[in-house]
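Let's take a walk through this model together, moving from the sheets to the core and then to the ligands. Please keep the sequence and the 3D view open as you read.

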Amino acid sequence: MTPPLPATRQPRTIIDKIWDAHVITEQNGETLLYVDRHLLHDGSFHAFDALKAEGRKVARPAQAIAMPDHYVPTTGRRFGIPVADYRNLVDGLVANTAEAGITHFGMDDPRQGIVHIVGPEQGFTQPGIVLVCGDSHTSTHGAMGAFAFGIGASEVKHVLATQSIWQRRPKTMRIDVTGTLPQGLGGKDIILAIIGQITAAGASGHAVEYAGPAIRALSMEGRLTVCNMSIEAGARAGLIAPDDTTFEYLAGRPYAPKGKYWDAALAHWRSLPTDDGAQYARTVTVDVSNIAPMLTWGTSPEDALPIDGRVPDPATLDDPVRRESKTKALEYMGLKPGTPLSEIEVDRVFIGSCTNGRIEDLRAAAAVARGRKAKVPALVVAGSGLIKAQAEAEGLDRVFIEAGFEWREPGCSMCVGMNGDTMSAGMRSASTSNRNFEGRQGKGARTHLMSPSMAAAAAVTGHFTDFRRLDQA
Ligand SMILES: CC(C)[C@H](C(=O)O)[C@@H](O)C(=O)O
Ligand code: SF4
């Protein structure tokens with residue numbers, strides 16, 4: 001009889017491979033994982049305060065980068081931050097990182113932006129690494145083949161002090177995205193279709209690998225959008241095996257390895273994809289060949305439908321708990337069952353965030369805005385200073401400004417409104433961000449999630465519109 005293969009020779013998923021390579025020790029069902037890279041933002045002050053209170057120091061400052069994103073103003077930056085509370089947080093990050101010797105991209109540094117945009121952009125995010133950040137959308141970085149997840153403030157302190165973190169091994173789940181995505185649709189449509197199908201709790205407790213032809217065909221930007229919203233399906237992390245798209249994106253970026261180190265890294269990265277025959281706890285298939293541009297109607301990202309749909313009727317739901325929660329959602333959203341989505345009017349448009357604030361997103365929105373005029377106030381907020389500069393070099397800022405859109409400085413902005421970019425109660429937005437929870441963009445504000453093309457189409461028509469049929473709208 002042939003002896004069984006040792007554990008490390010069994011076919012493994014990419015998730016298992018990265019996990020196994022980072023185990024330091026195990027205790028009571030938990031694993032101490034080595035952390036390769038750590039991202040810090042202006043909400044990290046609790047962790048620095050706690051570290052100081054314990055008289056401890058940052059163990060590996062070279063393995064972190066920091067930047068303000070949540071609290072930075074998107075206008076009038078050269079006058080500083082007028083609100084003292086926000087200013088103190090942004091200044092606090094400057095002081096904490098200077099003391100620890102951590103690289104910091106300040107508000108006037110062109111590299112500043114949303115952490116989840118800047119990590120990949122700088123090549124700080126790489127395949128095969130464990131990357132953490134005190135922010136739920138850290139799953140974004142999984143698009144480059146990293147095992148990346150959000151952590152809480154006390155865990156941020158632990159990582160600062162030890163460069164390691166205690167974790168329970170997540171269950172693995174594969175989401176196969178099959179079919180050919182219709183022309184003009186992108187990562188946002190895919191992830192909204194996935195969450196619409198599996199629900200906001202569909203991946204709870206799992207680390208998800210997105211696979212299949214529709215994922216392989218996506219650009220790096222589109223993949224980042226998909227992985228960004230893993231957390232909105234309840235996943236602990238979401239990742240995509242690295243391939244030539246990943247390597248081409250990474251080559252030459254400031255933190256990417258160079259010369260012989262690049263060659264060695266590439267050989268390692270090519271060994272990461274899931275082995276044939278590897279087992280996942282769960283597998284789900286989502287076919288995207290026939291989807292139309294997707295948007296949400298309710299207060300959960302799972303409330304997603306194609307633009308040719310109608311507001312659903314909760315009365316038709318069998319489960320009383322869901323019936324009640326969806327009825328409440330419609331009440332909050334001020335919508336009636338049966339209303340065609342394309343007849344819903346909007347008051348505000350937000351194009352930006354770590355979901356859709358990348359150059360490809362701005363190009364897609366500009367293609368719709370070009371030669372048209374915004375009917376409602378629309379904000380365009382690049383995900384980083386470098387993306388803003390690139391967009392300006394391509395003349396996209398002129399396209400937006402001529403169409404009556406506002407062209408702002410980089411940050412989280414109206415995705416969460418922590419910097420004051422909010423809208424008032426009862427207002428309705430078309431937003432390229434990732435969360436449509438009650439109050440997300442201001443108390444009583446109503447958020448509809450969609451792609452940049454769809455948000456721009458809403459801006460120029462004043463209602464939700466299939467951007468592919470704009471000439472008939
Ligand atoms: C403020 C921050 C910690 C929060 C997060 O964890 O995601 C924010 O980025 C969000 O998107 O809600
Ligand atoms: S852009 Fe939005 S989702 Fe992303 S980190 Fe900022 S607040 Fe969170």
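How many bridges join strand β3 (residues 37–40) to strand β6 (residues 130–133)? There are three, and the two strands run parallel. Before going further, please bear in mind that this is a predicted model. If you would like one pair of residues to find on screen, take L39, whose bridge partner in β6 is C133.

Now zoom out from that pair. The strands β3 and β6 belong to an open sheet of five strands, in the order β5-β4-β3-β6-β7, with parallel pairing. At the edges stand β5 (103–104) and β7 (147–150); each has a single partner strand, so one side of each is left without a neighbour in the sheet.

Another group of strands is found further along the chain. Start with β15 (residues 348–351), which pairs with strand β18 (residues 428–431) in the parallel sense over three bridges. Here F350 stands opposite S431 in β18. Strand β15 is also joined by three bridges to β16 (residues 378–381), again running parallel, and I351 stands opposite V380 in β16. From β16 you can step on to β17 (residues 406–408), since three bridges join these two parallel strands. The bridge partner of L379 in β17 is E406.

What about the faces of these strands? In a regular strand the side chains alternate between the two faces of the sheet. In β15, R348 and F350 lie on one side and V349 and I351 on the other, and all of them are buried, so that both faces are covered. Strand β16 shows A378 and V380 pointing one way and L379 and V381 the other way, and these are all buried too.

V380 is a good residue to linger on. Leaving aside residues up to four places away in sequence, V380 touches I351, G352, L362, A365, F400, F405, E406, W407 and R408. V380 also appears among the residues with the most contacts inside the largest nonpolar core, together with V349, A365, A369, A455 and A456. That core has 134 residues. Both domain 1 (14–284) and domain 2 (294–469) give residues to the core, so it lies between them.

That brings us to the domains themselves. The protein chain is divided into domain 1 (14–284) and domain 2 (294–469), and 24 Å separate their centres, taken over C-alpha atoms. Their contact takes 39 residues from domain 1 and 38 residues from domain 2. Which elements give two or more residues to the side of domain 1 that touches domain 2? They are α4 (115–121), α6 (187–198) and α8 (220–228). The largest share of that side, six residues, comes from α6. By class, the residues on this side of domain 1 divide into 15 nonpolar, 15 polar and nine charged.

Helix α8 deserves a closer look. Eight of its nine residues are buried, so α8 is largely enclosed by the rest of the structure. The buried residues are E221, G222, R223, L224, T225, V226, C227 and N228. Helix α1 (residues 14–22) can be read in a similar way: seven of its nine residues are buried, so α1 is largely enclosed by the rest of the structure. In α1, the buried residues are I14, I15, D16, K17, I18, W19 and H22.

Finally, turn to the ligands. Around ligand 1 you will find G43, H70, D135, S136, H137, G150 and V416. By class, the shell of ligand 1 has one nonpolar, five polar and one charged residues. Ligand 2 is surrounded by 13 residues, and the closest are S353, C354, C412, C415 and V416. Five nonpolar, six polar and two charged residues make up the shell of ligand 2. Where does ligand 2 lie with respect to domain 1 (14–284) and domain 2 (294–469)? Both domains give residues to its shell, so ligand 2 lies between them. If you want a residue that links the two sites in your view, select V416: V416 is listed around ligand 1, and V416 is also one of the closest residues to ligand 2.

Key:
Residues are numbered from 1 along each chain as its sequence is written. Chains are lettered from A and ligands numbered from 1 in the order in which they are written. This is a predicted model: local features need pLDDT of at least 70, side-chain atom pairs count only at pLDDT 80 or more; totals for chains, interfaces and linings use all residues. A residue is near a molecule or strand if its C-beta atom, placed from the backbone, lies within 6 Å of it. Ala, Val, Leu, Ile, Met, Phe, Trp, Tyr, Cys and Pro count as nonpolar, Asp, Glu, Lys and Arg as charged, and the others, Gly among them, as polar. Domain bounds come from an automatic or database domain assignment. A residue is buried if 20 or more other C-beta atoms lie within 10 Å of its own, exposed if 12 or fewer, and partly exposed in between; C-beta atoms are placed from the backbone. Helices (H or I, at least four residues) and strands (E, at least two) are DSSP runs, numbered from the N terminus. Two strands pair if DSSP finds at least two bridges between them. A nonpolar core is a set of buried Ala, Val, Leu, Ile, Met, Phe, Trp, Tyr and Cys residues joined through C-beta atoms within 7 Å. Two residues are in contact if their C-beta atoms, placed from the backbone, lie within 7 Å.
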